[in-house]
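Okay everyone, thanks for coming. Let's put the sequence and the model up on the screen and walk through a few spots together.

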Amino acid sequence: MTHPGPTDSASRLGVIILGAGASSRMGQPKLLLPWNGTTIIGHLIRQWQALGATQISVVCRSNDEPLLAELERLGFPRENRILNPQPERGMFSSIQCAAHWPGWQPDLTSWAIVLGDQPHLHSETLQKLLAFHARHSIAICQPSHEGHAGHPVLLPRSAFEQLQNTGAQTLKTFLKQNDAAKVKCPVTDSGLALDLDTPEDYKRATSNTSGT
């Protein structure tokens, strides 16, 4: 299936792909696993490019030579790579690195926080989320399947900038404490509940990739 074309709702969107995890349960680097004719990281970058994101960044561990080499192979610009010097502090530390990063284009109005282990999400799901966020542009938006919210999380500029000085230790706590309105976008994509943490997860996800 082809990707949906760029949409106006993504015209000033910054995308943060979180890629600084250790992949300890997978036993090998998740983002370098084959996916849809490329690697998982290659697919995610291509997917968000097709969705019309204005700027895409990848948060990496500073010493992750295999991932950095793959980004070189993909031609992903060095100036859009964000290095997390302390990835052992967890996912939220990567999000805060992105919030403090000075390389964002100044005209961005919202940011998508994208997990590196959900390449199986359908592009139609993401396009629906972007269109939903365009109608709720000052709110924090999340996709929701069967009542459970997931990723990507879309933050308006006001909420994104508050990440720099928050006392929260996790994204969940930050979202709960933030004053911005929170809205959920209902989707039918059951992949929202699946993260590629183990080889079994990867096998399960690759059994049906036609919609991504």
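Look at the side chains of glutamine 118 and aspartate 195: a polar contact of 3.0 Å joins them. Keep in mind as we go that this is a predicted model. Where does glutamine 118 sit? It is in the loop between β6 and α4, with α4 covering residues 123-135. Is glutamine 118 buried or exposed? Its relative accessible area is 5%, and the cut-off for buried is under 20%, so glutamine 118 counts as buried. If we set aside its neighbours within four places in sequence, glutamine 118 is in contact with Leu44, His151, Gly191, Leu192, Leu194 and Asp195.

Staying in that loop between β6 and α4, let's go to aspartate 117. Aspartate 117 makes a salt bridge with lysine 30, and the closest N and O atoms are 3.1 Å apart. This pair links distant parts of the chain: lysine 30 is in the loop between β1 and β2 (34-35), 87 residues from aspartate 117. Lysine 30 and aspartate 117 are both buried. For lysine 30, the relative accessible area is 14%.

Lysine 30 has another partner, aspartate 197, and here too the closest N and O atoms of the salt bridge are 3.1 Å apart. Why does this pair tie together parts that are 167 residues apart in sequence? Because aspartate 197 lies in the loop between β10 and α7, while lysine 30 lies in the loop between β1 and β2. Aspartate 197 is partly exposed, at 22% relative accessibility. Add Arg25 to the picture, and you get a network of salt bridges linking Arg25, Lys30, Asp117 and Asp197.

How many salt bridges does a search of the whole structure find? Eight. One of them is between glutamate 161 and arginine 157, with the closest N and O atoms 3.0 Å apart. Those two residues are four apart in helix α5, so about one helical turn separates them. Glutamate 161 is partly exposed at 37% relative accessibility, and arginine 157 is partly exposed at 28%.

Helix α5 also brings us to the aromatic rings, of which we have six pairs. Take tryptophan 101 and tryptophan 104: their ring centres are 4.9 Å apart and the planes sit at 90 degrees, so we call this pair edge-to-face. Both of those tryptophans are buried. Now compare tryptophan 111 and phenylalanine 160, a stacked pair with 4.1 Å from centre to centre and 10 degrees between the planes. Tryptophan 111 is in strand β6 (residues 110-115) and phenylalanine 160 is in helix α5 (residues 157-162), so this pair ties together parts 49 residues apart in sequence. Tryptophan 111 is buried at 2% relative accessible area, and phenylalanine 160 is buried at 3%. Put the ring pairs together, and Trp101, Trp104, Trp111 and Phe160 form a cluster.

Next, helix α3, residues 91-100. Eight of its ten residues are buried, so the helix is largely enclosed by the rest of the structure. The buried ones are Phe92, Ser93, Ser94, Ile95, Gln96, Cys97, Ala98 and Ala99. What do they pack against? The list is β1 (13-19), β4 (55-61), β5 (81-84), β6, α5 and α6 (171-177).

Last stop, the nonpolar cores. In soluble globular proteins, nonpolar side chains tend to be buried together. Here, the largest nonpolar core has 39 residues, and the members touching the most others are Val15, Ile17, Ile41, Trp48, Val58, Leu71 and Leu196. Each of β1, α1 (40-50), β4, α2 (65-74), β6, α4, β10 (182-186) and α7 (199-206) supplies at least two residues of this core. Which element gives the largest share? That would be α1, with five residues.

Let's zoom in on valine 58. Not counting residues up to four places away in sequence, valine 58 touches Ile17, Ile41, Ile45, Leu71, Phe76, Asn80, Arg81 and Ile82. There is also a second, separate core of 27 residues, and its members include Val59, Ile82, Leu155 and Leu171.

That's my tour, so let's look around the model together.

Terms used: Residues are numbered from 1 along each chain as its sequence is written. This is a predicted model: local features need pLDDT of at least 70, side-chain atom pairs count only at pLDDT 80 or more; totals for chains, interfaces and linings use all residues. Side-chain values use heavy atoms; hydrogens and water are left out. Rings of Phe, Tyr and Trp (its six-membered ring) pair if their centres lie within 6.5 Å; planes under 30 degrees apart count as stacked, over 60 as edge-to-face and the rest as tilted. Buried means under 20% relative accessible area, exposed over 50%, partly exposed in between (1.4 Å probe, protein chains only). Contact means heavy atoms within 4.5 Å. A polar contact is a pair of N or O atoms within 3.5 Å; within protein, one must be able to donate a hydrogen and the other to accept it, and residues adjacent in sequence count only if both atoms are side-chain atoms. A nonpolar core is a set of buried Ala, Val, Leu, Ile, Met, Phe, Trp, Tyr and Cys residues joined through side-chain atoms within 4.5 Å. A salt bridge is a side-chain nitrogen of Lys or Arg within 4 Å of a carboxyl oxygen of Asp or Glu.
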